[in-house]
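Work through the following exercises with the sequence and the model side by side. Try each task before reading its solution.

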Amino acid sequence: MLSAVDPLPFRPQRVLIAGVTGSGKTTLARRVAEQWDLVHHEIDALHHGPNWTPRPEFLDDVRAFAATDRWVTEWQYTSKGTDEIMTPRAQLAIWLDYPWPVVRTRLLRRTFSRSILRTEMYNGNVEKPIWKWFAKDQEETILQWQTKTRRKWDERMPTIEAEFPHLTIVRMRHPRETRRWLKNQDESGASTAPPKRRSRDR
């Protein structure tokens, strides 16, 4: 596993962005897509149909873009089968392993803003009104989901490294690291060819 200070040995063409809800996966995916000339497939938009109903075509759509040569997406819905489709094809995973206060604050700011402004996100869906968060019959909120899954990637990454040795993983521990790293990659002019062999001594 690489850190933010390690040089990336090649310019990836298929990228996964991992991290807890609120870490900024979609924002980074858009930046990576623009900077490296990749196609960003927002996986939430593929999964959610109108009224937050899961789209039956979801996995078919994931298979379709994963089979192409140049893409970046958020590493989500692994329990629904995306791991078996995307991960074997991906070349790089960027893990946003940020401090809890950072991701919590980001999610609170984002969710309150979307709720108050009634911002449409995808397929006509908008964030539920704030008052519904406190209803007795509420479903699990995004804040509760973030708390529930905050350790998911810490627990999964050792297994992922073992199961997918072809996958280069870069671990970012703060948004400042990510910004510096992305800038450095742009200036380095790394080759687009994948490495012949991945070191296992990290």
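**Exercise 1: the middle of the sheet**

V15 stands opposite L92 in β5. The structure is a predicted model, in which local features need pLDDT of at least 70 and side-chain atom pairs count only at pLDDT 80 or more, while totals for chains, interfaces and linings use all residues. Residues are numbered from 1 along each chain as its sequence is written, and side-chain values use heavy atoms, with hydrogens and water left out.

Task: find which strand is joined to β5 by five bridges and holds the partner of I94.

Solution. Begin with the terms: strands (E, at least two residues) and helices (H or I, at least four residues) are DSSP runs numbered from the N terminus, and two strands pair if DSSP finds at least two bridges between them. Strand β2 (residues 14-19) is joined to β5 by five bridges, and the two run parallel. Within this pairing, I17 has I94 of β5 as its bridge partner.

**Exercise 2: the other neighbour**

Task: follow β5 to β8, and then name the strand that pairs with β8 over two bridges.

Solution. Strand β5 (residues 92-96) pairs with β8 in the parallel sense over five bridges. Along this pairing, A93 has I169 as its partner in β8, and I94 stands opposite V170. Next, strand β1 (residues 2-3) pairs with β8, again in the parallel sense, over two bridges, and the partner of L2 in β8 is V170. Put together, the open sheet has six strands in the order β1-β8-β5-β2-β4-β3, with parallel pairing. Its edge strands are β1 and β3 (39-41), each of which pairs on one side only.

**Exercise 3: buried or exposed?**

Task: decide whether β5, β8 and Q76 are buried or exposed.

Solution. Buried means under 20% relative accessible area, exposed means over 50%, and partly exposed lies in between, with a 1.4 Å probe and protein chains only. Five of the five residues of β5 are buried, so this strand is largely enclosed by the rest of the structure. Both of its faces are covered, with L92, I94 and L96 buried on one side and A93 and W95 buried on the other. In strand β8 (residues 168-172), four of the five residues are buried, so β8 too is largely enclosed by the rest of the structure. Q76, found in the loop between β4 (71-74) and α4 (82-86), counts as buried at 16% relative accessibility. Q76 and I17 are 59 residues apart in sequence, and their C-alpha atoms are 8.7 Å apart in space.

**Exercise 4: a nonpolar patch**

Task: state which residues make the nonpolar surface patch, and place L108.

Solution. Patches are made of residues with over 30% relative accessible area and no salt bridge (a side-chain nitrogen of Lys or Arg within 4 Å of a carboxyl oxygen of Asp or Glu). Like charges are joined within 9 Å, and nonpolar side chains (Val, Leu, Ile, Met, Phe, Trp, Tyr) within 5 Å. Accessible areas come from the Shrake-Rupley method with a 1.4 Å probe. L108, F112 and I116 make a nonpolar patch of about 260 Å². L108 lies in helix α5 (residues 100-117) and is partly exposed, with a relative accessible area of 32%.
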